[in-house]
Structures are given as structure tokens and as C-alpha cells.
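Please open the structure in a viewer and keep the sequence at hand. The tour below proceeds selection by selection.

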Amino acid sequence: MISPKKYARAAKILPKGFKTPNEFFNYIYHEKDMIWMGQNTNHLHETTDIMDAMIGCIKNRDYSKYPPPEGFPELKELIRKDLGLGSEFDVLVTAGGTESLYLSINDILDPKDNMMTCDPGYLIIDNFATRFGERVISVPIYNPDCNYKLTPQLVRKYMNERTKLVSLVDPLNPLGSCYTKEELKEFADIANENGLYLLHDITYRDFAREHHLMAKYAPENTITVFSFSKIFGMAGLRIGAIVGMCDVVDSVKSIVINDLGTNVVSQHGAMAALKSKSRWLNHITSTTRKNQKIIKKAVDEVEGAFIPVYPSDGNMMAIDMYETGIKPVDVAEYLLDKKIFVREGSYTSRLFGHRYLRVSFSIPQIQVETFANKFLEAMATLKSSKKI
Ligand SMILES: Cc1ncc(COP(=O)(O)O)c(C=O)c1O
């Protein structure tokens with residue numbers, strides 16, 4: 001008999017009627033009319049370049065061959081070019097940001113080291129850190145005093161001599177807070193002074209109004225996590241990358257799992273995605289920015305509810321409803337029943353999850369309007385049913 005391991009985990013609450021997370025996600029996936037606001041996926045792509053490239057690869061039956069194990073050189077070069085980084089940086093193509101996070105944390109942390117993350121945050125990072133390091137220092141950041149982000153001041157306050165890795169998710173899932181150039185320079189100083197590494201997860205980078213790369217300020221101490229799931233709209237294709245100075249990426253290469261490489265169909269899609277980016281990027285970001293306004297207007301109508309970080313620099317935001325007395329989990333359940341998939345805060349926070357609902361908005365405007373109406377309906381109905 002073998003037991004599940006006890007690593008840090010998100011308090012995932014299953015909606016009523018589902019026995020396992022797999023059963024729940026299978027339901028969501030197959031429900032044709034479901035409005036996807038629960039996983040920060042992007043449903044706004046209209047051009048066919050990505051699809052055409054993948055169909056071409058399939059028609060040639062290229063998938064019967066293994067790809068080069070680190071990724072097609074052309075894809076590696078396109079990723080480097082997208083980030084504006086030179087040849088002193090290497091790229092390892094992975095099966096998504098998740099694998100990139102896992103490998104980076106595995107590679108950097110020794111068993112006696114600790115890693116710093118923040119709460120709210122992307123909690124699988126905490127899980128991975130407890131697998132490979134001694135512990136996680138999870139810093140509470142749900143606070144306007146720190147602008148809802150892990151600031152350089154907080155890092156200095158909470159770090160100790162065994163802190164080896166600091167996670168900077170930028171923009172931050174779930175709040176959408178983003179770093180300034182000045183903050184990145186301060187992180188670079190901290191990394192240089194203390195010999196620690198910065199894990200810069202830029203999964204939501206292209207949704208931001210302005211974004212800077214940690215790799216430009218602390219090149220030797222930064223590992224950049226790249227994903228094709230969000231702005232590129234390719235979540236189901238499971239593809240991403242690790243970008244770092246050649247010695248760091250060489251070190252990661254020595255611990256890879258997937259030594260036969262990453263899905264060739266996805267890699268062809270990823271190349272087409274990067275090549276065509278300038279044709280579709282503006283359509284997507286202008287839509288997400290308009291969509292945020294629709295949500296904000298609805299939230300402003302609810303007394304006691306507010307959006308902690310507005311505008312969000314991601315494709316998601318938190319809606320705080322603590323003062324209304326209505327529980328985010330009840331709102332999520334209500335909306336699911338109306339075929340709108342959103343996430344209660346406990347998925348991204350251990351300390352503050354009871355306060356907020358996370359919604360993503362890279363979906364057509366009409367669906368956001370439906371959400372806004374149903375959200376107001378949910379708040380009114382739940383309020384009257386509980387006589388708050
Ligand atoms: C901050 C962050 N990093 C990584 C990922 C996972 O990305 P991928 O789908 O590329 O594994 C997510 C997914 O939501 C995320 O929010």
C-alpha cells in the first residue's frame with residue numbers, strides 16, 4: 001500500500017455532484033456552451049496560421065518521427081527573438097510552463113534550501129518547491145500597501161540565508177499585478193548580493209500594458225518560464241519553454257524527464273504562433289482590455305465588492321466579495337449551473353481564498369456581457385436567499 005505524498009497543495013473545492021477533479025474537468029471540457037472564465041485560457045484567436053501549421057504537420061505524418069530533444073532550433077530562435085534576448089541565452093522547449101517550473105525548481109533547489117513565493121499566487125509552484133527544497137516561504141501579499149505583489153522590500157524582509165529561489169509570477173495569477181523596471185532592478189540587486197535565483201514566470205506577459213524581462217537585469221540569476229497556453233491560445237497543446245543563460249539551461253538539461261522531446265504538432269503550432277503574433281496580438285489585448293471594463297462596471301454595482309488590482313495586466317482578475325457576506329464558492333457554483341466556469345479564490349490562495357472569485361476574460365465580449373448579467377443575478381439571489 002502506498003499513500004499520496006503530502007506536498008503543499010491548493011484547497012480545491014469540487015462543485016456539487018462531482019466525485020473527482022478529473023470528472024469535473026471532463027464535464028467542463030465537453031460542455032459545448034460553457035463560458036470559459038475559470039482557467040485563464042484564451043478563446044479569442046480568429047486567424048488560422050497556428051491551426052494550418054499543425055494540420056500541415058499532421059498531413060505529412062511528421063508525427064511519426066521524434067523531434068530534436070531540446071526543441072526545433074527554429075522554435076528556440078523564435079522564442080529568443082520574441083523576448084529580444086541574444087545567443088548567450090539558451091532555450092529548452094518543454095510540455096508547458098508547468099514542466100518548466102518543475103524542472104527549474106528541481107534543478108535549482110537543494111534539499112536544505114527554501115523558495116519564496118506569494119499568497120495569493122500560482123500554488124503548484126509551492127507544491128514543487130516542497131518536493132525539492134526544505135520549505136516554502138509563502139509571503140502574504142493581498143494588501144494595497146504592497147500593491148498586491150511580492151515587492152523587493154518583502155523579499156528582503158522574509159528571506160534568510162537558505163533562500164535560493166524567489167518566484168516572480170509577472171503578471172501575477174490571480175490578481176494581474178505586474179512589476180516595474182525599477183522593481184526588477186531591485187530584485188537583480190538582491191539576487192546578486194545573495195547569490196539567489198529568480199524564477200520569472202512570464203506566462204501572462206503579452207496581456208500587460210507594459211512588461212519587462214528580469215533576464216535583462218539579472219541575466220545570470222534568472223530563469224524565465226515561457227508558456228504557449230495563454231496569449232497564444234494553445235493550452236491544450238501543452239507547450240512552453242525554459243529560457244536562461246547557457247550554463248543554467250545546460251544544468252536543467254541534465255535532469256529532464258522528456259528526453260525524447262516535446263510534441264511535434266505543438267511545436268509546429270508554436271512556430272506559426274510566434275511568426276504570426278503581430279497579426280493577432282492587438283485584437284486580443286484590445287478585447288481583453290474592453291472586457292475588463294464590462295466586469296468592473298458590474299462589480300461596481302455590488303455594494304461591498306471590489307477588484308483589488310484594476311486594470312489587471314493579465315487576462316484574469318480577482319473580485320473581492322468578502323464584505324458582501326456572500327461566499328465566492330457559492331457564486332462559482334451558481335454560475336456553473338448557468339454554464340459559466342469561474343474559480344473561487346481557494347484555488348490560488350490558502351490565506352485569502354475565502355475573499356475572492358477569480359475570473360478570466362480572454363473570451364468574446366458577448367460572453368463577458370453574459371457573465372456580468374449572471375454575476376449580478378448571482379449576487380442578488382444569494383444575498384436574498386441568505387437574508388444578508
Ligand atoms: C503563472 C502560471 N504559470 C504557468 C502556468 C501553466 O502553464 P502551462 O499551461 O504552459 O503549463 C499557469 C497556468 O495557468 C500559470 O497561471
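Two helix axes count as roughly parallel if the angle between them is under 35 degrees. The model on display is predicted.

**First stop: two helix pairs**

Select helix α4 (residues 97–108) together with helix α5 (residues 124–132). Their axes come within 9 Å and cross at roughly 30°; α4 and α5 are therefore roughly parallel to each other. The crossing of these two helices, α4 and α5, is right-handed.

Next, select helix α11 (residues 328–337) and helix α12 (residues 365–386). These helices pack at an angle of about 125°, and their axes are 10 Å apart. That angle makes α11 oblique to α12. The crossing in which α11 passes α12 is right-handed.

**Second stop: the seven-stranded sheet**

In which order do the strands of the open sheet of seven strands lie? The order is β2-β8-β7-β6-β5-β3-β4, and the pairing is mixed. At the edges are β2 (89–94) and β4 (135–140), each of which pairs on one side only. On average, neighbouring strands of this sheet are turned by 20° against each other, with direction ignored.

Begin at the edge strand β2. Six of its six residues are buried, so β2 is largely enclosed by the rest of the structure. In a regular strand, side chains alternate between the two faces of the sheet. Select Phe-89, Val-91 and Val-93 for one side of β2, then Asp-90, Leu-92 and Thr-94 for the other: all are buried, and both faces are covered. Strand β2 pairs with β8 in the antiparallel sense over six bridges. Within this pair, Thr-94 stands opposite Gly-240 in β8.

Move on to β8 (residues 240–245), which four bridges join to β7 in an antiparallel arrangement. Select Thr-224 and Val-243 to see two residues that stand opposite each other, Val-243 being in β8.

Strand β7 itself (residues 222–227) is mostly covered, with six of its six residues buried. Thr-222, Thr-224 and Phe-226 lie on one side, while Ile-223, Val-225 and Ser-227 lie on the other; all are buried. Towards β6 (residues 197–201), β7 is joined by four bridges, and these two strands run parallel. Here His-200 stands opposite Thr-224 in β7.

Continue to strand β5 (residues 163–169), which pairs with β6 in the parallel sense over five bridges. Select Ser-167, whose bridge partner in β6 is Leu-199.

**Third stop: the ligand**

Select the ligand and its surroundings. Which residues are closest to the ligand? Of the 13 residues that surround it, the closest are Gly-96, Gly-97, Thr-98, Ser-227 and Ser-229. By class, this shell has three nonpolar, nine polar and one charged residues.

**Fourth stop: the three-stranded sheet**

Now select the open sheet whose three strands follow the order β9-β12-β11 with antiparallel pairing. Its edge strands are β9 (316–320) and β11 (343–344), and each pairs on one side only. Five bridges join β9 to β12 (residues 356–360), and these strands run antiparallel. For a single pair, select Met-316 and its bridge partner in β12, Ser-360.

The loop between α10 (264–300) and β9 contains Ile-307. Is Ile-307 buried or exposed? With 20 other C-beta atoms within 10 Å, Ile-307 is buried. Add Asp-320 to the selection: Ile-307 and Asp-320 are 13 residues apart in sequence and 6.0 Å apart in space, C-alpha to C-alpha.

**Last stop: backbone exceptions**

Most residues other than glycine have a negative phi, and most peptide bonds are trans. The following selections depart from that pattern.

- Pro-311 is in the loop between α10 and β9, and the peptide bond from Tyr-310 to Pro-311 is cis, with omega near -5°.
- Pro-171 is in the loop between β5 and α7 (181–194); a cis peptide bond with omega of about -5° joins Asp-170 and Pro-171.
- Arg-61 lies in the loop between α2 (49–59) and α3 (73–83). Its phi is positive, about 55°, although Arg-61 is not a glycine. With 8 C-beta neighbours inside 10 Å, Arg-61 counts as exposed.
- Tyr-148 lies in the loop between β4 and α6 (152–158). The phi of Tyr-148 is also positive, near 55°, whereas its surroundings hold 20 other C-beta atoms within 10 Å, and Tyr-148 is buried.

How values were computed. Residues are numbered from 1 along each chain as its sequence is written. This is a predicted model: local features need pLDDT of at least 70, side-chain atom pairs count only at pLDDT 80 or more; totals for chains, interfaces and linings use all residues. A residue is buried if 20 or more other C-beta atoms lie within 10 Å of its own, exposed if 12 or fewer, and partly exposed in between; C-beta atoms are placed from the backbone. Two strands pair if DSSP finds at least two bridges between them. Axes are lines fitted to C-alpha atoms, for helices over the stretch in contact, and angles run from 0 to 180 degrees between N-to-C directions. A residue is near a molecule or strand if its C-beta atom, placed from the backbone, lies within 6 Å of it. Ala, Val, Leu, Ile, Met, Phe, Trp, Tyr, Cys and Pro count as nonpolar, Asp, Glu, Lys and Arg as charged, and the others, Gly among them, as polar. Angles under 35 degrees count as roughly parallel, over 145 as roughly antiparallel, 65 to 115 as roughly perpendicular and the rest as oblique. A crossing is left-handed if the near helix is turned anticlockwise from the far one by less than a right angle, and right-handed if clockwise.
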